[in-house]
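Welcome! Here is a short tour of a structure you may be meeting for the very first time. Have a look at it below, then read on for the main points.

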Amino acid sequence: MSQKSVCVYCGSRNGANSTYSNAARAFGTMLAQEGWRLVYGAGDVGLMGEVARAAQSAGGDTFGVIPVHLLRREVGKTDLTRFVITETMHERKKVMIMNADAVVVLPGGPGSLDELFEALTWRQLGLHDKPILVMNVEGYWDALHDLLQQVIGQGFADGSLADFITWVDDPADAMSTLRGFLT
C-alpha cells in the first residue's frame, strides 16, 4: 500500500481568528499521525507554515511546492522532506494536485480560492476524481457555500457541482471523512 498524500490549500496569513491557526496545526499533526504526506504551497508563513510545522513536529512527510517569485514573500520552507521550486503559479498548482490523493481547503484568501476553483473546475471537467474537502472552521466558508448554491440555482453549473465538494467543520471531521475516501 502506498503512502497517501493530502494537498492542503490555506492562507499565507493567519487570519483574524486564532481558531484558524489552531485548526491548521491540529490538521497537520493529524495528517502526520495518520502516516499521510502533506502536500502544500511550501510557505513558512500564515496557516501554510502552521500546518507544515505541525506535520513536521509530529514526524510527518512534507512535500512543498513554491514558484520562484514567491520564495521570499512566502518564506520558502526549505527544510521539508521534499521542496520543489516551479517557474509559475499554474505549474505549482498542477504539481500539488498531481502529487495528492485528496484536497483539503482551510481558511484562506484569494490564493486559496484560486486553488480551490482550479481543483473544482478540473474535477468538473473530468481531469481528476480526487475528493475535495472544504474545512469550514467557525463558518469561515459559509458565504462560499451559499455562492456555489446560487451558481447552481441560477443555471451556471449543473447540480452535480455540489457533489464535488464535501463540507467539514474541523480537523477531526476532515480526517474521518478522508479516511472514508482514502482507505
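A nonpolar core is a set of buried Ala, Val, Leu, Ile, Met, Phe, Trp, Tyr and Cys residues joined through side-chain atoms within 4.5 Å. Keep that in mind for the part on cores, and note that this model is predicted. A good place to begin is the sheet, an open one of 7 strands.

**The sheet**

- The strands follow the order 4-3-2-1-5-6-7, and their pairing is parallel.
- Strand 4 (82–86) and strand 7 (165–168) form the edges, each pairing on one side only.
- On average, neighbouring strands of this sheet are turned by 20° against each other, direction ignored.
- For one pair to look at, take strand 5 (residues 102–105) and strand 6 (residues 132–135), which pair in the parallel sense over 3 bridges. Here Val103 of the chain stands opposite Ile132 in strand 6.

**The nonpolar cores**

- In general, nonpolar side chains tend to be buried together in soluble globular proteins.
- The largest nonpolar core has 31 residues, of which Val6, Phe27, Met135 and Leu178 touch the most other members.
- Two or more residues of this core come from each of strand 1, helix 1 (18–34), strand 2, helix 2 (46–57), strand 5, strand 6 and helix 6 (171–182).
- Apart from its neighbours within four places in sequence, Phe27 is in contact with Val6, Val8, Val104, Leu106, Met135, Pro171, Ala174, Met175 and Leu178.
- There is also a second, separate core of 25 residues, with Val84, Ala119, Val134 and Leu161 among them.

**Helix 3 and its surroundings**

- Helix 3 (residues 89–98) lies across strand 1 (5–9), strand 2 (37–40), strand 3 (62–67), strand 4 and strand 5, and runs at about 165° to strand 3.
- The axes of helix 3 and helix 4 (residues 110–124) come within 11 Å and cross at roughly 60°, so these two helices are oblique to each other.
- Their crossing is right-handed.
- Helix 3 makes the contact through His90, Arg92, Lys93, Lys94, Met96 and Ile97, while helix 4 brings Asp114, Glu115, Glu118, Ala119 and Trp122.

**A closer look at Val168**

- Is Val168, a residue of strand 7, buried or exposed? With 1% relative accessibility, Val168 counts as buried.
- Leaving aside neighbours within four places in sequence, Val168 is in contact with Leu133, Val134, Met135, Asn136, Asp173, Ala174 and Thr177.
- Val168 and Arg13 are 155 residues apart along the chain, and their C-alpha atoms are separated by 21 Å.

Conventions: Residues numbered from 1 in each chain as written. Predicted model: local features only at pLDDT ≥ 70, side-chain atom pairs only at ≥ 80, totals over all residues. Heavy atoms only, no water. Pairing = 2+ DSSP bridges. Helix = DSSP H or I, 4+ residues; strand = E, 2+ residues; numbered from the N terminus. Axes fitted to C-alpha atoms, helices over the stretch in contact; angles between N-to-C directions. Contact = heavy atoms within 4.5 Å. Buried < 20%, exposed > 50% of the residue type's maximum accessible area, 1.4 Å probe, protein only. Parallel < 35°, antiparallel > 145°, perpendicular 65-115°, else oblique. Left-handed = near helix turned anticlockwise from the far one by under 90°.
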